[in-house]
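The following paragraphs lead through a predicted model, beginning with a single helix and its packing and then turning to the nonpolar cores.

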Amino acid sequence: MEFYDPNGRWDIPRVVFAVQKQHPELVVEPFAGMNIPGLGWESMKAMAMAGRTGPDIMNVWIHQISTYTDQKLLLPLNEFIGNDTNGNGFIDDSEAKWDYWKKIPPLLRAMATRDGKVYVIPARYRGYNALLIRRDLLRQAGIDPDVVPKSWDEFFYDMQKLTDPNKKVFGAKFHHGRHGMAVHVMPYYWYSWVWAAGGELVMQGKRNPKTGKTHWWPQEAYQFLDPETGGDLHLQPTNWKATFADDAGMKAMHFYWKLAWQPWIKDPETGEPINLTPEQVKAGRVTLAEGRTVPFQKRDVVEGVARIDNGQEPVSRLEMFEKGEVAVIPWAFGEPNVGDAASGFRIKPQDLGFWPTPAMDENHKPFVDAVVMWEGFSTQLAGERNLHKRELAWDIISTLGSEVGQNMQTRYLVEQGLAKYLMPERLKMAGMDEYIGEIPANWKHDWSASVKNWRCEPCCPGWDSVSMLLLTNDVTRFLFTKKDFDYRTALKKAERQANTTVLGKRPESEMQHYRRIAFITLALVLVVVIALGWWLGTLIKQKAVEATGGVKQNVRAWWVPWLLMAPALLSIALWAYYPLLRGTLIAFQDYKLTGDYHWVGLDNFIKVMLDPKFYIYLKKTIKFSAMSMSLTFFAPIILALLLAEIPRLKVFYRTLYFLPQISSSIVIMLLWRQMYSPTPTGLFNQLGAKMNDLPHPAAVALKLLCAALILAALVGPWLIFLNRDAARPLSRCLLAAVGVGALYLFLHSLGPAHDRSLAKGLEAWLKWLGQSFHFQKQDWLGDPKLAMAAVILPGLWAGAGIGSLIYLAALKGVDDELYEAADLDGAHLPHKVRFITLPTILPLITINFVGAFIGTFQSMGNIFVMTGGGPGDETMVLSLAIWYQAFAFLNFSTATAMAWVLGLMLIGFTAFQLRMLQRVEFRRTVTE
């Protein structure tokens with residue numbers, strides 16, 4: 001059973017123990033699967049169930065219900081709840097065998113039911129995503145904590161009254177002053193703001209087959225009567241569409257921007273906040289309505305009222321809240337959560353409270369996002385032989401989801417001294433009215449005011465992909481990173497992509513058109529593959545003839561080699577080619593995790609090729625490969641050449657550069673992630689701050705040295721190859737063009753954003769050389785301009801040493817007599833490197849280059865640990881996107897199709913590798 005711990009807390013152990021008393025034969029064991037940070041826990045649980053080792057009773061979040069149902073991971077509970085005998089798609093009160101089913105709100109019943117089958121029941125407790133408040137800080141600012149702001153304007157005004165960036169907060173790790181609230185980058189805290197503006201995140205539609213019209217309802221709807229004809233449409237297939245970019249969604253996202261970036265000042269006379277426009281900020285003055293002009297300095301301008309919690313800061317929003325750096329935080333609170341927080345914080349309980357998300361204006365309602373916990377059965381319990389197990393499992397989850405289980409939880413909380421944090425209704429239901437007097441008046445008020453209007457996050461299929469890949473990566477992370485981010489266009493683009501590639505389906509006529517194109521493309525690919533196979537077979541046959549000198553071999557010479565290779569061939573076939581074949585089949589199926597599938601032909605490949613995200617991932621993959629090869633492939637060669645020339649302490653230097661290889665790659669990535677910390681205490685930010693303290697002459701000298709090194713790095717290697725004695729003029733011209741192009745792009749990138757010209761870039765470069773350092777705190781992994789290089793540098797630092805040792809070994813094969821002859825001819829070091837060293841080790845360079853190139857296309861470990869593909873999609877390479885699709889979102893068919901497209905792109909390079917390996921001559925190196 002998931003989340004069961006016999007030594008644990010809350011309701012699950014108590015319910016299990018109570019059922020075990022009635023059924024001594026019942027044995028309950030906790031489910032302990034693998035745990036990978038982020039989305040790994042959910043995917044590992046699903047994979048465990050596919051291997052028949054998952055939990056029999058499992059917890060299901062609302063966004064997982066549709067996914068788990070589609071994947072055939074959940075077992076219907078109708079044998080215990082009742083059957084849909086009237087065919088209306090739901091279990092009505094008259095059809096229910098389980099009495100408590102009638103007490104569950106219709107909305108929750110609808111979410112648990114699909115085509116008349118009930119797959120989960122709401123169990124345990126219900127939490128709410130809303131706002132946790134510090135009553136003491138609100139009172140200090142003159143704000144009544146018992147009165148929820150009536151509009152967003154009023155809420156923003158209250159947050160401005162709380163915000164003082166210059167205030168020294170006692171106990172704070174970093175002095176950022178005090179802000180009104182903290183904002184989290186994950187979009188599920190944004191949902192209630194959309195509802196508070198009167199919007200919908202998704203809508204469900206039903207098409208009337210008689211009229212041909214599709215009518216749309218909110219996601220909570222469970223009765224579908226045609227508004228024109230009155231006909232019942234509940235039996236018609238449900239179509240989902242995203243609507244989060246409508247007017248309400250835009251207003252909610254704009255208010256998010258306002259919380260983070262709205263410029264304002266405090267009136268020096270009245271102390272009241274004054275919101276500014278960009279023009280007023282630039283002018284340095286603002287004229288008020290009464291005609292008074294208020295001048296101000298740039299340092300007086302405050303941006304926003306919120307601190308950003310992006311998951312990378314060493315200070316979480318809860319710690320900010322406890323220290324008093326913020327007065328309001330978005331938080332998921334339920335009765336146990338609030339009790340834990342109140343007892344764990346060093347804050348007096350009477351100083352804590354919570355608000356719903358305020359209404360946009362008086363014409364709308366405040367809302368909270370209800371986080372319902374669900375329990376269901378795994379399909380491992382299916383079958384007649386597991387009937388008794390199912391009955392025992394039903395006793396557990398039906399108790400958890402009924403008043404009996406809720407009362408057991410209530411009594412446990414009271415025993416822990418948390419009665420004062422519970423809703424009065426819960427205490428009455430448990431027959432513990434005597435504890436109601438312990439509840440402070442403000443808690444009673446907050447409970448009644450906050451949970452009046454609640455809604456649930458979307459439960460439609462694919463919403464987890466929309467939330468993670470579209471809303472988080474493409475909108476909210478950039479919104480809180482870039483002040484000038486065009487969130488309106490991004491939100492519309494995210495909605496459009498959600499409706500075309502995730503939630504919606506393309507019309508059949510359009511799919512037929514794309515299928516014809518796909519079949520033609522597949523035929524061409526097969527022709528190319530067959531041609532490559534024929535060429536490879538001819539090459540092998542030719543090599544065999546050359547090896548035997550044209551002499552016909554006897555029978556023994558033919559079968560003995562195959563017999564000796566049989567174990568290796570069988571192992572490769574079992575562990576490599578059989579999974580490859582299975583993966584090929586999955587790409588042409590609508591594959592389910594439990595093995596259920598149906599054939600869809602080339603539809604998965606069409607979906608991949610029509611997905612705009614795929615081309616973004618491909619572009620990022622090429623960028624990552626180019627940068628990685630430029631930085632990490634050539635560095636070991638240069639380092640080996642340098643280590644080969646040092647006269648003394650060779651072993652010491654080689655050991656020094658090899659040491660990073662001893663550490664685990666994960667440890668190295670986590671170490672560098674700490675050094676990349678975006679706070680002033682991050683190592684690289686500290687180094688930047690130290691550079692700012694350098695005297696002006698020292699700063700200029702250091703900049704000149706850096707400029708010389710950069711120029712040498714860009715131009716120096718090409719000078720070696722651009723020797724007039726080089727054999728191929730075409731190669732010289734090509735390399736010269738690459739060198740000049742790299743230098744041009746570097747200078748071009750330094751120009752102003754509105755004028756990316758070479759002249760402006762050179763001007764900016766020269767201006768930078770003559771100034772002192774002015775490093776600003778950098779978000780190394782959160783800045784799209786820096787993230788890609790930041791994830792590559794740790795690999796360079798860790799891998800250059802071991803790579804250089806391999807090339808050092810190869811350098812031993814260079815004949816010293818060649819160097820002596822070159823010295824007699826008056827050759828300099830560039831000539832010897834160009835005409836002796838590099839040609840000698842060129843076969844090794846070629847082999848490593850081909851392998852490293854293919855490896856970078858498949859690499860994802862560094863990115864997964866350090867950025868997870870962010871910010872946005874800046875580091876989302878194809879291999880990581882494939883992992884997310886397969887193991888996070890359980891879209892194995894789509895992931896396999898993406899993997900095959902990536903593999904087909906690399907086939908041509910593999911053929912090139914085989915041709916290069918024909919020319920490689922392997923020789924044994926003579927050691928000293």
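Helix H9, which covers residues 247–261, has 15 residues and reaches 21 Å from its first C-alpha to its last, close to the 21 Å expected at 1.5 Å a residue. Of the 15 residues of H9, 12 are buried, so the helix is largely enclosed by the rest of the structure. Those buried residues are Ala248, Gly249, Met250, Ala252, Met253, Phe255, Tyr256, Trp257, Lys258, Leu259, Ala260 and Trp261.

Two packed helices are described by the angle between their axes and the distance between the axes. For H9 and helix H17, the latter formed by residues 463–479, the angle is about 35° and the axes lie 10 Å apart. On the side of H9 the contact is made by Met253, Tyr256, Trp257 and Trp261, and on the side of H17 by Val475, Thr476 and Leu479. An α-helix has 3.6 residues a turn, so residues three or four places apart point the same way. By character, the residues in the contact of H9 with H17 comprise six nonpolar and one polar, with no charged residue among them.

The largest nonpolar core of the model has 135 residues, and those with the most contacts inside it are Met1, Ile81, Trp374, Phe377, Trp394 and Ile396. Helix H33, residues 878–888, gives the most to this core, contributing eight residues. Leaving aside residues up to four places away in sequence, Trp394 touches Leu77, Phe80, Ile81, Trp98, Ile121, Phe377 and Thr399. Apart from this largest core lies another core, of 64 residues, which includes Trp152, Val194, Trp240 and Cys460.

Notes: Residues numbered from 1 in each chain as written. Predicted model: local features only at pLDDT ≥ 70, side-chain atom pairs only at ≥ 80, totals over all residues. Heavy atoms only, no water. Core = buried A, V, L, I, M, F, W, Y, C linked by side-chain atoms within 4.5 Å. Buried < 20%, exposed > 50% of the residue type's maximum accessible area, 1.4 Å probe, protein only. Helix = DSSP H or I, 4+ residues; strand = E, 2+ residues; numbered from the N terminus. Contact = heavy atoms within 4.5 Å. Expected span 1.5 Å × (residues − 1). Axes fitted to C-alpha atoms, helices over the stretch in contact; angles between N-to-C directions. Nonpolar A, V, L, I, M, F, W, Y, C, P; charged D, E, K, R; others polar.
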